[in-house]
Amino acid sequence: MTAVPEAHAGLHLRVAQHAPIPLDAQIDCAPGETLALVGPSGSGKSTILRCIAGLHRAREGRIVCGADTWFDAAAGIDRTPQARSTGLVFQSYALFPHLTALGNVTAAMSHRPPAERDRRGRELLHRVHLEGLEARRPAELSGGQQQRVAVARALARDPQVLLLDEPFSAVDQVTRQKLYRELSELRRTLALPIVLVTHDLDEAAMLADRMSILHRGRTLQTGTPREVRTRPADPLVASLVDVRNVFDARVVALAGGVRGLGWQGRLLEATVPSHFATGDRVAWCIPMAGVRLKRRDRAVEPGRENPVDGQVSECVTLGEDTTLALRVDGLPSPLWLRLSTHIAERDEIRVGTALHVCLLAEALHVMPWRDAAEGTDP
Amino acid sequence: MDGTALVLSLQLAAATVVLLLPVGIVVARARAWRRFTGRRWVEAALALPLVLPPTVLGFYLLVAFGAGSPLGQAFEALTGSTLAFSFAGLLVASLVVNLPFAIQPMQRAFEAIPDDVRAAAACCGMSPWRIFTKIELPLAWSGVLSAMVLTFAHTLGEFGVVLMVGGSIPGETKTISIAIYDRMQAFDASGAATMAAVLLACSLVAIAIAYSTSRPRGRAAA
């Protein structure tokens, strides 16, 4: 067993249990880093956050923050929420309804001398752009303002770690965009680990330095948002990060000693990692951005472009982007690609249009093959 | 107007409220948030005084207070007097009878506090006692006040159990409701009317207070 280095700054968590919610998670978050826990509802994201805050006790595991051990099942250590220095922003905000905005913030300042609390509380409310609203009760504030009070209250404890449980889910789209900008700004000034729970991949990509994909309480893959979304560890992660183009293939030897993929009677140029043997069954994926419309006036560049022909079976325009499903002969599921709407309009692409596309070899990612059912059923 | 009976009733009601307040808060919080085996049976037992005929309840209390019961013997050994037909016995009976009136409004009030709010208070570093005094009690205050008012009014008006357990000893166990009954038995309608009016006024004020405090706190002030 490898010990977590005691003096290592930041938050380290490893928890495991079978019931009531299965957990098998490991996360690390450095000071100044924002880690997003991403997964569908019921994947255990909030439970992990509650484990960190001391509101849920896992059967096994260890939670260390800086030099403090907050939880160690083997050693019988389980600090109360009061004895852990966490700032938690609840999904529902959980503000104290009978206290003013300032009262909510100063309620978390029992560690400071009473004379300082008022000034510090006003400072924090100023920092979240709520100056002038100190005397309002939560019910007299808008959703966005309530969220800001919750953030100020979480910071009021001078926490060692900031925990955000889907903090943007209860506000409208316009407010959310504004709060995103504010949080990005705020997190630059905070030198503590921030753990953000969200089910929104774009939110995670926008706000987090790294993201951890959770499924049924298990952390499947942790990496930068770009890494996880373009290089998912396996087909299950690919499906969880909404990579739609996931297919099965076999590793084959191509001409010239290079290896590629044999896929539905086609040969694909791809970078196949050395741990896959020729003949292995593998899965591969490609982000929609890696599927390019082939220009009719240009010849195929040999080696790095994998031409595929198909027919548009679905066409959805959302603002500046148009998403297309391409039906390809012999494929059980369509190939998805995204175009700028003006290109789709210029080329008169609609359902039924025959298209020639290329699969960019550098965007094509090879993963271990796994039956989709294996990942979804224990 | 029997002043002694009125004072006795007020003393009984006040003592019942004072003693039931902490008991009620502890039981109501436990019932609102704790899950334990046999919870349903405990709930049923606590609600029993609501449905049991007062004479039946009074009968069992008298049996429990009697010189043959452990409770009666213990009380007599400690104080030298009997529980039955005494103010102390009346108070014990009153506590039992009022349990559901005290607990239920408090329980509803504590149940209405979201779990996350209490968890947030713990995450803010507040001690359990501070969470209770600064968060729970202010939020559940209307329910606690309702419970106190209802208990007070209900004690003033209790008749059946009081008659069974206390008899009608002037200055010791003769409460205002029993005095009203006595006056009517003696064909003193005007004496009964005055006392009835006093009880009516008390009850009306109690209900008005209970209703006016049932508006949850934290809503925007009108």
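## Strand β15 and its partners in chain A

A:V282 of strand β15 stands opposite A:P368 in β21 of chain A. In this predicted model, the two strands run antiparallel and are joined by 4 bridges, with β21 of chain A covering residues 365–368.

Strand β15 of chain A also pairs with strand β12 (residues 246–253) of that chain, again in antiparallel fashion, through 5 bridges. Here A:W284 of β15 has A:F247 opposite. Strand β15 itself comprises residues 281–285; because 4 of its 5 residues are buried, it is largely enclosed by the rest of the structure.

## The nonpolar core

A:W284 is also among the residues with the most contacts inside the largest nonpolar core, together with A:I52, A:L163, A:V195 and B:M106. This core has 155 residues. Its largest share, 12 residues, is contributed by helix α7 of chain B, which covers residues 128–157.

The surroundings of A:L163 can be given in detail. Apart from its neighbours within four places in sequence, A:L163 is in contact with two of the other core residues just named, A:I52 and A:V195. Its remaining contacts of this kind are A:L49, A:A53, A:T86, A:G87, A:L88 and A:V89.

## Helix α7 of chain B

The helix that supplies the largest share of the core is not straight: helix α7 of chain B has a kink of about 60°, centred on B:W141. Its end C-alpha atoms are only 37 Å apart, whereas a straight helix of 30 residues would span 44 Å at 1.5 Å a residue.

## A:A25 in strand β2

A:A25 belongs to strand β2 of chain A, which runs from residue 23 to residue 29. The residue counts as buried because 25 other C-beta atoms lie within 10 Å, and the cut-off for burial is 20 or more.

Leaving aside neighbours within four places in sequence, the contacts of A:A25 include A:L13 and A:V15, A:G44 and A:I48, and also A:L214, A:G217, A:R218 and A:T219. A:L13 is 12 residues away along the chain, and its C-alpha atom is separated from that of A:A25 by 7.6 Å.

## Chain A as a whole

Chain A contains 10 helices and 21 strands. Its C-alpha trace spans about 75 × 50 × 30 Å along the principal axes.

Of the 378 residues in chain A, 41% are buried. Among contacts in chain A with a separation of 6 or more, 65% are between residues 24 or more positions apart.

Definitions and conventions:
Residues numbered from 1 in each chain as written. Chains lettered and ligands numbered in written order. Predicted model: local features only at pLDDT ≥ 70, side-chain atom pairs only at ≥ 80, totals over all residues. Core = buried A, V, L, I, M, F, W, Y, C linked by C-beta atoms within 7 Å. Buried ≥ 20, exposed ≤ 12 C-beta atoms within 10 Å, placed from the backbone. Contact = placed C-beta atoms within 7 Å. Pairing = 2+ DSSP bridges. Expected span 1.5 Å × (residues − 1). Bend = angle between axes of the 7 residues up to and from the residue.
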